[in-house]
Amino acid sequence: MYIHRKGFGVIAVVLAMIAMIIVAAILSHAPLVVLIPIIIIGVLVGLWSVSFFRVPTGRPVTHVENAVVSAADGEVVAIEEVEEKEYFHDKRIQISVFMSAYDVHVNWFPMDGVVSYVKYHPGKKLFAINPKSSELNERNTVAVRDEQGREVLFRQVAGVMARRIVCDIKEGDKAEVGKEFGMIRFGSRLDFFLPCDSRINVEIGNKIRGQVSVLAYLK
């Protein structure tokens with residue numbers, strides 16, 4: 001495991017603020033009954049900020065024919081047939097994975113192929129678990145086309161606490177299952193849009209791991 005490069009600045013600011021609060025409490029001669037909780041809370045917040053930007057290493061990336069592998073850690077909160085209005089403009093199976101503030105927030109490609117579409121959208125700050133967040137929140141949409149011409153679209157959706165979606169790819173880039181393509185800061189979700197004839201491999205409520213868990217199999 002290591003700390004993502006995008007987290008260094010945030011972690012430094014958080015730790016500096018914690019240090020300032022603790023020093024201020026000490027200089028004001030706060031009683032131990034106040035000082036000790038401040039220190040404990042500060043340490044916990046500091047550890048959480050470091051943990052949030054952790055990047056796991058050594059995971060066995062799932063390489064299975066026709067598989068769409070999860071691009072994120074989290075919980076499956078929706079599986080439904082919807083009208084995908086941005087790119088496909090037809091019916092697709094949507095699988096939504098919610099990432100809490102305690103999950104790994106790095107995102108990985110769910111399949112091999114070529115990036116056929118990338119578009120960032122500014123937006124609102126609804127809670128990411130809200131179904132409307134997929135269309136109204138800050139979001140970034142990516143589609144990958146494999147050698148057989150099959151396309152899967154996945155959308156990074158920022159949550160109420162998120163401040164920035166990171167996506168380091170462009171159209172024409174090579175996609176490799178399990179390879180990092182970006183991350184989302186704080187509570188957020190990833191929506192996957194699959195062909196309607198896909199064989200779904202997860203259920204609502206399942207806890208899944210990016211690079212490992214198979215969401216579905218393409219026909």
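Asp146 counts as buried in this predicted model, because its relative accessibility of 13% falls under the 20% cut-off. Its salt-bridge partner is Arg150, and the closest N and O atoms of the two residues are 2.8 Å apart. Arg150, at 16% relative accessibility, is likewise counted as buried.

The pair formed by Asp146 and Arg150 belongs to a set of 11 salt bridges found in a search of the whole structure. A further member of this set joins the side chains of Asp73 and Arg59, with an N to O distance of 2.7 Å. Asp73 is located in the loop between strand 3 (67-69) and strand 4 (74-84), whereas Arg59 is located in the loop between strand 2 (54-55) and strand 3; the pair therefore ties together parts that are 14 residues apart in sequence. Both Asp73 and Arg59 are buried.

Lys174 and Glu176 also form a salt bridge, in which the closest N and O atoms are 3.7 Å apart. Lys174 has a relative accessibility of 59% and counts as exposed, because this value is over the 50% cut-off. Glu176, at 34%, counts as partly exposed. In addition, a network of salt bridges links Glu84, Glu86 and Arg155.

Aromatic contacts were examined next. The count of aromatic pairs comes to five. One of these is formed by Tyr87 and Phe88, whose ring centres are separated by 5.1 Å and whose planes meet at 65°, an edge-to-face arrangement. Tyr87 is partly exposed, with a relative accessibility of 21%, whereas Phe88 is buried, with a value of 14%. The two residues thus fall on opposite sides of the 20% cut-off for burial. The ring of Phe88 also has a charged group over it: the charged end of Arg92 sits 3.7 Å from the ring centre.

Phe109 and Phe181 form another aromatic pair, with ring centres 5.2 Å apart. Their planes are at 35°, so the pair is classed as tilted, because this angle lies between the limits of 30 and 60 degrees that bound the stacked and edge-to-face classes. Phe109 lies in the loop between strand 6 (106-108) and strand 7 (113-121), and Phe181 lies in strand 12 (residues 180-184); the pair therefore ties together parts that are 72 residues apart in sequence. Phe109 and Phe181 are both buried. These two residues also belong to a cluster in which ring pairs link Phe109, Phe154, Phe181 and Phe192.

Notes: Residues numbered from 1 in each chain as written. Predicted model: local features only at pLDDT ≥ 70, side-chain atom pairs only at ≥ 80, totals over all residues. Heavy atoms only, no water. Phe/Tyr/Trp six-rings, centres within 6.5 Å; stacked < 30°, edge-to-face > 60°. Buried < 20%, exposed > 50% of the residue type's maximum accessible area, 1.4 Å probe, protein only. Helix = DSSP H or I, 4+ residues; strand = E, 2+ residues; numbered from the N terminus. Lys NZ or Arg CZ within 6 Å of the ring centre and 35° of its normal. Salt bridge = Lys/Arg side-chain N within 4 Å of Asp/Glu carboxyl O.
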